[in-house]
Amino acid sequence: MTVKEETPMPVKIIDYKILFYAPNIIGYLRIALLCTAFYNYSSSVFFLLLYSSSVILDAVDGCVARRFNQTSSFGAWLDVIIDNIGRGLLWVHLHPLFYIISVVEWSAFVCNYQLGPQWQEYLVSQKHSTRRIIETPRFISKIISNTIKNF
């Protein structure tokens, strides 16, 4: 009887410096703004100011990441998480039944990210492995591939 030797999995070294990249710090600030905004939801002006600031910083963090070459899988993941949290809180505050929209967004997030870090490229490209179950609709591919510029 032969014993099959297993090759050890390569150890992935985590670079904790990415936690302190400028765009990720902007993300942490966005979390604080969202929490403060929804804590003060009854004050319309204060809520709108804080929530709008978070939305504006959402655009800024991507520009900062590209400008300083501080892009990372963690940063992309954090950005989507913060976006989903912000929209989810907004949907629930607008109407209690709107949590369903948030559930759909989180489900889409989980389903897409299970494809791996290159989930956008996976959905856009037409050459997929047999893992693909259905074809991505053309308009979705256009939106993902060029941020709606080709739509």
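Helix H2 comprises 24 residues and reaches 34 Å from its first C-alpha to its last, close to the 34 Å expected at 1.5 Å a residue. The model in which this helix appears is predicted. H2 occupies residues 44-67, and it is followed by Asn69, a residue whose phi is positive, near 50°.

The setting of this helix may be considered next. The chain contains 6 helices and 0 strands, and its pattern, read along the sequence, is α-α-α-α-α-α. Of the 151 residues in the chain, 26% are buried. The chain exposes about 11,400 Å², and carbon and sulfur atoms supply 67% of that area. Among contacts between residues at least 6 apart in sequence, 51% join residues at least 24 apart.

Which residues of H2 are buried? They are Phe47, Leu50, Tyr51, Ser54, Leu57, Asp61, Gly62, Val64 and Ala65. A general property of helices helps in reading such a list. An α-helix has 3.6 residues a turn, so residues three or four places apart point the same way. The buried residues of H2 pack against two other helices, H1 (22-39) and H3 (73-94).

Ser54 offers a single position to examine within H2. Is Ser54 buried or exposed? Because its relative accessible area is 2%, and buried means under 20%, Ser54 counts as buried. Leaving aside residues up to four places away in sequence, Ser54 touches Arg30, Leu33 and Leu34.

Leu33 and Leu34 also belong to the largest nonpolar core, which has 12 residues in all. The other members are Ile26, Ala37, Phe38, Phe47, Leu50, Tyr51, Leu57, Val64, Leu78 and Ile82. H1, H2 and H3 each supply at least two residues of this core. Phe38, one of the core residues, touches Phe47 and Tyr51, and its contacts also include Gly86, Leu89, Leu90 and His93, again not counting residues up to four places away in sequence.

The remaining topic is an annotation from a record. An unreviewed UniProt entry places the feature "transmembrane region" at residues 18-39. In the predicted model, the chain over residues 18-39 is 82% helix and 0% strand, and the end C-alpha atoms of this stretch are 29 Å apart. Helix H1 itself covers residues 22-39, and the buried residues of H2 pack against this helix as well as against H3.

Definitions and conventions: Residues are numbered from 1 along each chain as its sequence is written. This is a predicted model: local features need pLDDT of at least 70, side-chain atom pairs count only at pLDDT 80 or more; totals for chains, interfaces and linings use all residues. Side-chain values use heavy atoms; hydrogens and water are left out. Helices (H or I, at least four residues) and strands (E, at least two) are DSSP runs, numbered from the N terminus. Buried means under 20% relative accessible area, exposed over 50%, partly exposed in between (1.4 Å probe, protein chains only). Contact means heavy atoms within 4.5 Å. Accessible areas come from the Shrake-Rupley method with a 1.4 Å probe; for residues, only the protein chains shown count as cover. UniProt positions are given in the numbering used here, feature names are shortened, and annotations may be inferred rather than shown by experiment. The expected span of a helix is 1.5 Å times one less than its number of residues. A nonpolar core is a set of buried Ala, Val, Leu, Ile, Met, Phe, Trp, Tyr and Cys residues joined through side-chain atoms within 4.5 Å.
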